[in-house]
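Here are my notes on the two-chain model you sent over. I went through it strand by strand and helix by helix, and I've numbered the points so you can reply to them one at a time.

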Amino acid sequence: MIAALGLLLGIVLGVILQPDVPAGLEPYLPIAVVAALDAVFGGLRAYLDGIFDDKVFVVSFVSNVVIAAAIVYLGDQLGVGGQLSTGVIVVLGIRIFSNVAAIRRHLFHA
Amino acid sequence: MPEQTTGHTTGHITTRARSRLRLPDTPRPDLPDQVVMPLLDRIVRESLDEDYQVVAARKAQIRRRPGGRPRGRQAGRPLARNRPPRPPSRLGRPRQVAAAVMAVFGVLVSIAAVQTSRNAPEANASRASLVEQVESRSAEVARLQERLERMRTSTTDLRAALAQATEDEQALGARIQRLEARTGLAAVTGPGLRITVDDAPDGDVTQQVRDSDLAALVDGLWNAGAEAISVNGKRLTNLTAFDNVGPAIHIGITPLVPPYTILAVGDPDTLAADLLESTFGQHWYSLVDSLGFVFDSKPADSLSLPAARPRRLRAVRLLDADPDVNRPGQEGPVSAP
């Protein structure tokens, strides 16, 4: 519950402050959000599995965001940024879906 | 058993063959997962970070041996191999850390959303302006194409007009050439008659050739169908006049010296006969007979007549302005004074 409050607080903060993203980082923000979403769903599933660990959550969150952005940055430098970000989103999307499926099994026992 | 009717033995063989073919179902224990498992299967199976399971397993192990030091190496768990196990965390801390991370996540999400929605009007505006540009440009293209079509049509018209004008020019040029030949403004070469006339030998003054005599001969030749006439190398035009100044005959201001050589371009077969039939010709022949002039007429195959000196134009009228005024006598025979 405190995590949900934290999420709410973060959203409210972001909406109120509306910090400007540097133009150079702007293309990597969406992919970082998707990577963070994967980490969040992974953490939620681990919580429901009863094996949640804060350190693992923090590490997976940060590394997901950084690696996803780095991959897209590398792709941009190589001229295949669009294809690489598509690949990253496909992989992360599959992970998110299967995690959500596991969460659903926990919540609804179905 | 997949095939029940064929019996137990064959079904068993088929199953064995199939299991031998299906490699991932029977992985060799010494190969890691990423070698023996298809990529998508692996992604789906390991969608949860392995670390959670590893850490949970380590915690469980510590809990099972309370107070004891954990083993330094844990076989079969590559991710946690060299990491000393953490003491079990208290209940409050994970929640706070998780809440902080979730707050960061919320900030990320809201920033991304705000950024996207902030950029949306610009993207829409640029698209709208592009659409507008496309529409205006295509309208312009259509206009230009219409103009091109019009110009093409007018080009065709102009080309036809040009062809017509060229044709007219050629026709007019031919007419001008014909008129120049007839009026003496162009040199002429062609068959005709070579006529020699002289005063009567041993005659008195009355038996000399006079201007009116030559005029009668020339008029007779014009009537007989001569196209160009020259007297002693002087080309006759429709404005040429013979004058007597004393005993000598002048063409314009140039005196002529007998004998007079008259070149007449025309049909050599009919010119002499037609001359005899014309009024002026009969008058000329009677003069020759009565006064005893020397007169000799021979057909010639090729006569070269020079052009007359062009006279300065004194008055010009448009041809179509009043045809009745301009027409008479312009292309007709030379009239003697």
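**Notes on the model**

1. Let's begin in the sheet of chain B: B:Ile229 has B:Ala264 as its bridge partner in β7(B). That pair belongs to a set of four bridges between β2(B), residues 228–231, and β7(B), and the two strands run antiparallel. Keep in mind throughout that this is a predicted model.

2. On to the other partner of β7(B). Strand β1(B), residues 188–198, pairs with β7(B) through six bridges, again in the antiparallel sense. If you want a residue pair to look at, B:Arg194 sits opposite B:Leu263 of β7(B).

3. Is β7(B) mostly covered or mostly open? Covered: this strand takes in residues 260–265, and five of its six residues are buried. For this purpose a residue is called buried when 20 or more other C-beta atoms lie within 10 Å of its own.

4. Now the whole sheet. It is an open one of five strands in chain B, ordered β3-β2-β7-β1-β8, with antiparallel pairing. The edges are taken by β3(B), residues 234–235, and β8(B), residues 294–305, and each of them pairs on one side only.

5. The β8(B) edge deserves its own look. Ten is the bridge count to check here: β1(B) and β8(B) are joined by 10 bridges and run antiparallel. Within that pairing, B:Thr189 has B:Ser304 of β8(B) as its bridge partner.

6. Chain B also has an open sheet of three strands, in the order β4-β5-β6, and the pairing is antiparallel here too. Why does one side of β4(B) and of β6(B) lack a neighbour in the sheet? Because β4(B), residues 242–245, and β6(B), residues 254–256, are the edge strands, and each has a single partner strand. From one strand to the next, the twist averages 40°.

7. A detail from that three-strand sheet: β5(B), residues 248–251, and β6(B) are linked by three bridges in the antiparallel sense. B:His250 is one residue to click on, with B:Pro255 as its bridge partner in β6(B). Helix α6(B), residues 211–223, lies across β4(B) and β5(B), and its direction makes an angle of about 165° with β4(B).

8. Next, helix α8(B), residues 279–291. With 13 residues at 1.5 Å a residue, this helix should span 18 Å, and its end C-alpha atoms are indeed 18 Å apart, so the two values agree. Right after α8(B) comes B:Gly292, which has a positive phi of about 75°.

9. Which residues of α8(B) are buried? They are B:Phe280, B:Gly281 and B:Trp284. Looking down the helix axis, the buried residues fall within an arc of 100°, so they line one face of α8(B). The cover over these buried residues includes α6(B) and α7(B), residues 268–277. On the other side of α8(B), B:Thr279, B:Ser286, B:Asp289 and B:Ser290 are exposed.

10. Some totals for chain B, in case you need them for the write-up. Chain B has nine helices and eight strands. It runs to 337 residues, of which 21% count as buried. Among its contacts between residues at least 6 apart in sequence, 75% join residues at least 24 apart.

11. Chain A has four helices and zero strands, giving the pattern α-α-α-α along the sequence. Of its 110 residues, 33% count as buried. For contacts in chain A with a separation of 6 or more, residues 24 or more positions apart account for 68%.

12. One helix of chain A to check is α2(A). Its 21 residues at 1.5 Å a residue should span 30 Å, and the end C-alpha atoms are 30 Å apart, so that agrees as well. A:Gly50 follows α2(A), and its phi is positive, near 85°.

13. Last, the place where the chains touch. There, 40 residues of chain A are in contact with 33 residues of chain B. The elements giving two or more residues to the chain A side are α1(A) (2–17), α2(A) (29–49), α3(A) (54–78) and α4(A) (81–108). Of these, α1(A) gives the most, with 12 residues. By residue type, the chain A side divides into 26 nonpolar, nine polar and five charged.

Key
Residues numbered from 1 in each chain as written. Chains lettered and ligands numbered in written order. Predicted model: local features only at pLDDT ≥ 70, side-chain atom pairs only at ≥ 80, totals over all residues. Contact = placed C-beta atoms within 7 Å. Nonpolar A, V, L, I, M, F, W, Y, C, P; charged D, E, K, R; others polar. Buried ≥ 20, exposed ≤ 12 C-beta atoms within 10 Å, placed from the backbone. Expected span 1.5 Å × (residues − 1). Pairing = 2+ DSSP bridges. Axes fitted to C-alpha atoms, helices over the stretch in contact; angles between N-to-C directions. Arc of directions from axis to C-beta.
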